[in-house]
Amino acid sequence: MTTTNVRAQQGRWRVLMLLGAAFSLTVLDGTSLLTALPAIGHHLGLRGPAVQWTVTVCALAFGRLLPLCGRTADLLGRRRMFLAAMALRVLASLACGLAPSVQALGASRAR
């Protein structure tokens, strides 16, 4: 195996690890939200379906924006789009944690 092939292999593993970590963040985000739903509902004074909408709005937004973000990544570059998405994710998570109302929580979950 040549040096170029070894570097390409290492680069592929790095990308795979990075994508795995990003996907793990997505799973962790959903799991932590489901775990915290009773406390969120109590803190914001929500009951029944209103609590469930905090989960549903995120899934709807994620599904609707995925094709658009994929096309944008094709046009602007995958690395640039990935970095922008991770920065947006951090800001949206901060906004979720500081949300004073269910409307603010829903808007920040829809990121």
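**Figure 1. Residues around the centre of the largest pocket in the predicted model**. The lining of the largest pocket comprises 32 residues. Phe62, Leu66, Ala85, Met86 and Arg89 are those that lie nearest the centre of the pocket. The volume enclosed is about 1100 Å³.

**Figure 2. Helices that contribute to the pocket lining**. At least two lining residues of the largest pocket come from each of helix H1 (3–44), helix H2 (49–76), helix H3 (78–97) and helix H4 (102–110). By residue class, the lining of the largest pocket consists of 23 nonpolar, 3 polar and 6 charged residues.

**Figure 3. Cysteine 69 and cysteine 96**. Cysteine 69 has a relative accessible area of 31%. This residue is classed as partly exposed because its value falls between the limits of 20% and 50%. Cysteine 96 has a relative accessible area of 18% and is therefore buried, the limit for that class being under 20%. A disulfide is a covalent bond that joins the sulfur atoms of two cysteines. The search for disulfides covered the whole structure and returned 0.

**Figure 4. Valine 15 in helix H1 and its separation from proline 38**. Valine 15 is located in helix H1. The relative accessibility of valine 15 is 48%, so this residue counts as partly exposed, given that the exposed class requires over 50%. Along the sequence, valine 15 and proline 38 are 23 residues apart. In space, the C-alpha atoms of valine 15 and proline 38 are 37 Å apart.

**Figure 5. Helical arrangement and overall dimensions of the predicted protein**. The protein contains 4 helices and 0 strands, and its elements follow the pattern α-α-α-α when read along the sequence. Taken along the principal axes, the box filled by the C-alpha atoms is roughly 60 × 25 × 20 Å. The protein has a radius of gyration of 18 Å, whereas a compact globule of 111 residues would have a value near 13 Å.

**Figure 6. Burial and contacts across the chain**. Of the 111 residues in the protein, 21% are buried. Among contacts with a separation of 6 or more, 57% are between residues 24 or more positions apart.

Notes
Residues are numbered from 1 along each chain as its sequence is written. This is a predicted model: local features need pLDDT of at least 70, side-chain atom pairs count only at pLDDT 80 or more; totals for chains, interfaces and linings use all residues. Side-chain values use heavy atoms; hydrogens and water are left out. On a 1 Å grid over the protein atoms alone, a cavity is a set of points where a 1.4 Å probe fits but cannot get out, and a pocket is an open set with protein on both sides within 12 Å along at least five of seven lines; lining residues have an atom within 4 Å of a point. Grid points are joined across faces, edges and corners, and a volume is the space filled by probe spheres set on the points. Ala, Val, Leu, Ile, Met, Phe, Trp, Tyr, Cys and Pro count as nonpolar, Asp, Glu, Lys and Arg as charged, and the others, Gly among them, as polar. A disulfide is a pair of cysteine sulfur atoms within 2.5 Å. Buried means under 20% relative accessible area, exposed over 50%, partly exposed in between (1.4 Å probe, protein chains only). The radius of gyration is taken over C-alpha atoms; the globule rule is 2.2 Å times the number of residues to the power 0.38. Contact means heavy atoms within 4.5 Å.
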